[in-house]
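Visitor: I should like to go through this model and ask what lies behind each term applied to it. Please show it first.

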Amino acid sequence: MAGGNERSVKALKEVWKRAENSLCADCGKPDPDWASSTLGVFICLSCSGIHRNIPSISKVKSLKMDYWDDAQVQFLAKHGNAVTKAIYEAHIPIYYYQPTYNDCQVLREQWIRAKYERKEFTEPGKQLPYSDGVKEGILWKRGRDNGQFLPRKFLLSEREGCLKYFTKQDAKEPKINVKIDVINATFQPEKIGNPNGLQITYLKENKTRNIFVYHESGKEVVDWFNAIRSVQFHYLKVAFPIASDNEIKNRLTRNFLKEGYMEKTGPKQREAFKKRWFTLDHRRLMYFKDPLDAFAKGEVFVGSGENGYSVQKGLPSGTQGNFSWHYGITIVTPDREYLFTCETESDQLEWIRAFTSVINQAMTPQEYAIEAYFKFKS
């Protein structure tokens, strides 16, 4: 608010402190201190950087440091987040993933471009590249054995209810054919080493299989992500006809609750602790030798507190086995205890919070079936 007359500075403050403008219009981050003088929205610093890359659509200015003239303040007052959202977010498909400030750059950028640049949500029934029920194209897939990323043809079909990929573009038979209801997809740019990296997981014989892909185009990879959500949504609408749209939406793709390295020991609890990469996908705690492994070396089912599951800080007294990290965690199940160590206390506390959030939730009928499978397998 550098410069400007006292009246315009006061008016800008009044608009800024409206409840509707207390969160970033694009990612929901509290206390935005930037705004678009051409769109009339209040945004955070991170989203302002994305707006700055589409100057034909949005002109951004700091609410604290930049000069705002009377006309610009009046434009903000007339619009604001509520009015602008009513225009640009009027017809968002229920399955479309709306990112938050915790999500990666490519998701947030394509959300902003979809709203303001491509105007995908301003009209009802608009034909969108992820809403056809079928999507076919090339994604760069990481080889399971050699770690190389090679172009592979992928085909997503709502009619068949599956995702396929082919090792050759002219191949008649797919390498895999995965039912859409066992698929999850989550962006993993840091793990994959590409800003557009997407991890697709699915269950094969009740074991988790990972596929790592990317596309050079941020728009294309986000379109694939939302196409998967679209096909899942329509599949589940048929499978669960009495479920509400919001109930089904909550069963679409999900982010992992927590990932990172811990050390673990074996069932006898006398073996040396080994460093492994862990992924907590709701009630499945999976561990891998390498973060980009296709298959987990093992999985632990994390049930609910009312069924005898708990998490404890530290290791049982007298724990044997060599371990180099000293911040222990014990997961107690009805059958045995699982022992882990973390490198830092902050890692330990984050893992405990993640486990606690799962254990505090009641189990669904489907989760009881998964628990029974784990007990049978062990």
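Visitor: How do you know that Arg152 has no salt bridge, and which side chain of opposite charge is nearest?

Guide: This is a predicted model, in which local features need pLDDT of at least 70, side-chain atom pairs count only at pLDDT 80 or more, and totals for chains, interfaces and linings use all residues. Residues are numbered from 1 along each chain as its sequence is written, and side-chain values use heavy atoms, with hydrogens and water left out. A salt bridge requires a side-chain nitrogen of Lys or Arg within 4 Å of a carboxyl oxygen of Asp or Glu. For Arg152 the nearest side chain of opposite charge is Asp170, 10 Å away, and there is no salt bridge although Arg152 is buried.

Visitor: What lies 3.3 Å from a polar atom of the side chain of Arg152?

Guide: The backbone oxygen of Thr167 lies at that distance of 3.3 Å. A polar contact is a pair of N or O atoms within 3.5 Å; within protein, one must be able to donate a hydrogen and the other to accept it, and residues adjacent in sequence count only if both atoms are side-chain atoms. Arg152 belongs to strand β5, residues 149-157; strands (E, at least two residues) and helices (H or I, at least four) are DSSP runs, numbered from the N terminus.

Visitor: Why is Asp26 called buried?

Guide: Buried means under 20% relative accessible area, exposed over 50%, and partly exposed in between, with a 1.4 Å probe and protein chains only. Asp26 has a relative accessible area of 4%, and is therefore buried. Asp26 is found in the loop between α1 (6-16) and β1 (34-36).

Visitor: Which side chains form polar contacts of 2.7 Å with Asp26?

Guide: One such contact joins the side chains of Asp26 and His51, at 2.7 Å. Another, also of 2.7 Å, joins Asp26 to the side chain of Tyr116. Counting heavy atoms within 4.5 Å as contact, and leaving out residues up to four places away in sequence, Asp26 touches residues including Cys47, Pro99 and Trp111.

Visitor: Why does Cys104 form no disulfide?

Guide: A disulfide is a pair of cysteine sulfur atoms within 2.5 Å. The closest cysteine sulfur to that of Cys104 is in Cys47, 12 Å away, and therefore too far for a bond. The structure as a whole holds zero disulfides.

Visitor: What makes Cys104 and Cys162 buried?

Guide: Cys104 is buried because its relative accessible area is 16%. Cys162 counts as buried because its relative accessibility is 2%.

How values were computed. Lys and Arg count as positive and Asp and Glu as negative; His and the chain ends are not counted.
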